[in-house]
Amino acid sequence: PPIQSNPIYIQRAWCIFECYVCIEQEFSMSIILSESAEASFTDALSSSFLRQVRESLNTLDVRGAKASCTADEDLIKKLILNSIGFDTLNQTVRARLVERLMAIVADLLGS
């Protein structure tokens with residue numbers, strides 16, 4: 001099924017009332033999607049563009065970074081290698097890129 005532009009739960013007064021109570025009473029609130037709605041959303045997110053982004057993130061390796069001055073590049077890479085290592089740096093860079101991409105998506109969705 002296509003992604004709903006106006007999900008059923010926001011069309012039901014009791015569902016909205018439950019949201020209101022959570023906000024008013026400062027309770028935590030979660031929204032659960034039906035299996036079909038979640039599957040539709042997942043399918044939509046599995047576009048070729050997102051597959052490319054995922055592949056880029058999964059293959060990210062800062063070891064290939066270059067500097068215009070070879071001596072600078074060697075010094076930087078030696079410093080990394082002798083301290084935190086490239087695996088830790090790759091994981092951290094990957095995590096921060098994902099955070100930034102998620103923030104861009106959140107901005108686009110207007111949250």
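Me: Where does Ala-65 lie?

Reply: Ala-65 belongs to the loop between helix 3 and helix 4. Helices here are DSSP runs of H or I with at least four residues, strands are E runs of at least two, and numbering starts from the N terminus. Before we go on, please note that this is a predicted model: local features need pLDDT of at least 70, side-chain atom pairs count only at pLDDT 80 or more, and totals for chains, interfaces and linings use all residues. Residues are numbered from 1 along each chain as its sequence is written, and side-chain values use heavy atoms, with hydrogens and water left out.

Me: How should I read accessibility, and what does it say about Ala-65?

Reply: Look at the relative accessible area, computed with a 1.4 Å probe on protein chains only: under 20% is buried, over 50% is exposed, and values in between are partly exposed. Ala-65 has 43%, so this residue is partly exposed.

Me: Which residues does Ala-65 touch?

Reply: A contact means heavy atoms within 4.5 Å. Leaving aside residues up to four places away in sequence, Ala-65 touches Glu-73 and Lys-77. As for Val-93, 28 residues from Ala-65 along the chain, the two C-alpha atoms are separated by 13 Å.

Me: Let's follow Glu-73. Is this residue buried or exposed?

Reply: Glu-73 sits in helix 4, and at 12% relative accessibility this residue counts as buried. With residues up to four places away in sequence set aside, Glu-73 touches Ala-65, Lys-66 and Ala-67.

Me: How do I read the packing of two helices, and at what angle do helix 4 and helix 5 pack?

Reply: Fit a line to the C-alpha atoms of each helix over the stretch in contact, then take the angle between the N-to-C directions, which runs from 0 to 180 degrees. For helix 4 and helix 5 the angle is about 95 degrees, and the axes are 7 Å apart. Helix 4 is therefore roughly perpendicular to helix 5; that word covers 65 to 115 degrees, while under 35 is roughly parallel, over 145 roughly antiparallel, and the rest oblique.

Me: Which residues meet there?

Reply: From helix 4 come Lys-77, Ile-80 and Leu-81, and from helix 5 come Gly-85, Phe-86 and Leu-89. Sorted by class, this contact has 4 nonpolar, 1 polar and 1 charged residues. Nonpolar covers Ala, Val, Leu, Ile, Met, Phe, Trp, Tyr, Cys and Pro, charged covers Asp, Glu, Lys and Arg, and the others, Gly among them, are polar.

Me: On to charges. How many salt bridges does the whole structure have?

Reply: Look for a side-chain nitrogen of Lys or Arg within 4 Å of a carboxyl oxygen of Asp or Glu. The search finds 5 salt bridges. One of them joins Arg-63 and Asp-61 at 2.9 Å, N to O. Arg-63 is partly exposed at 36% relative accessibility, and Asp-61 is partly exposed at 38%.

Me: What else does Arg-63 pair with?

Reply: Asp-87 also meets Arg-63 in a salt bridge, at 3.0 Å, N to O. Asp-87 lies in helix 5 (residues 85-109) and Arg-63 in the loop between helix 3 (48-58) and helix 4 (70-81), so this pair ties together parts that are 24 residues apart in sequence. Asp-61, Arg-63 and Asp-87 are thus linked in a salt-bridge network.

Me: How far apart in sequence are Glu-99 and Arg-96?

Reply: Both lie in helix 5, 3 residues apart, about one turn of the helix. Their side chains meet in a salt bridge at 3.3 Å, N to O. Glu-99, at 47% relative accessibility, is partly exposed, as is Arg-96 at 48%.

Me: How many disulfides are there?

Reply: A disulfide is a pair of cysteine sulfur atoms within 2.5 Å, and the count comes to 0. Cys-19 is in none; the nearest cysteine sulfur, that of Cys-22, is 6.6 Å away. Cys-22 is in no disulfide either. Cys-19 is partly exposed at 22%, whereas Cys-22 is buried at 16%.

Me: Finally, what is the phi of Glu-26?

Reply: Most residues other than glycine have a negative phi. Glu-26 has a positive phi, near 60 degrees. Glu-26 lies in the loop between helix 1 (13-24) and helix 2 (35-45), and is exposed at 73% relative accessibility.
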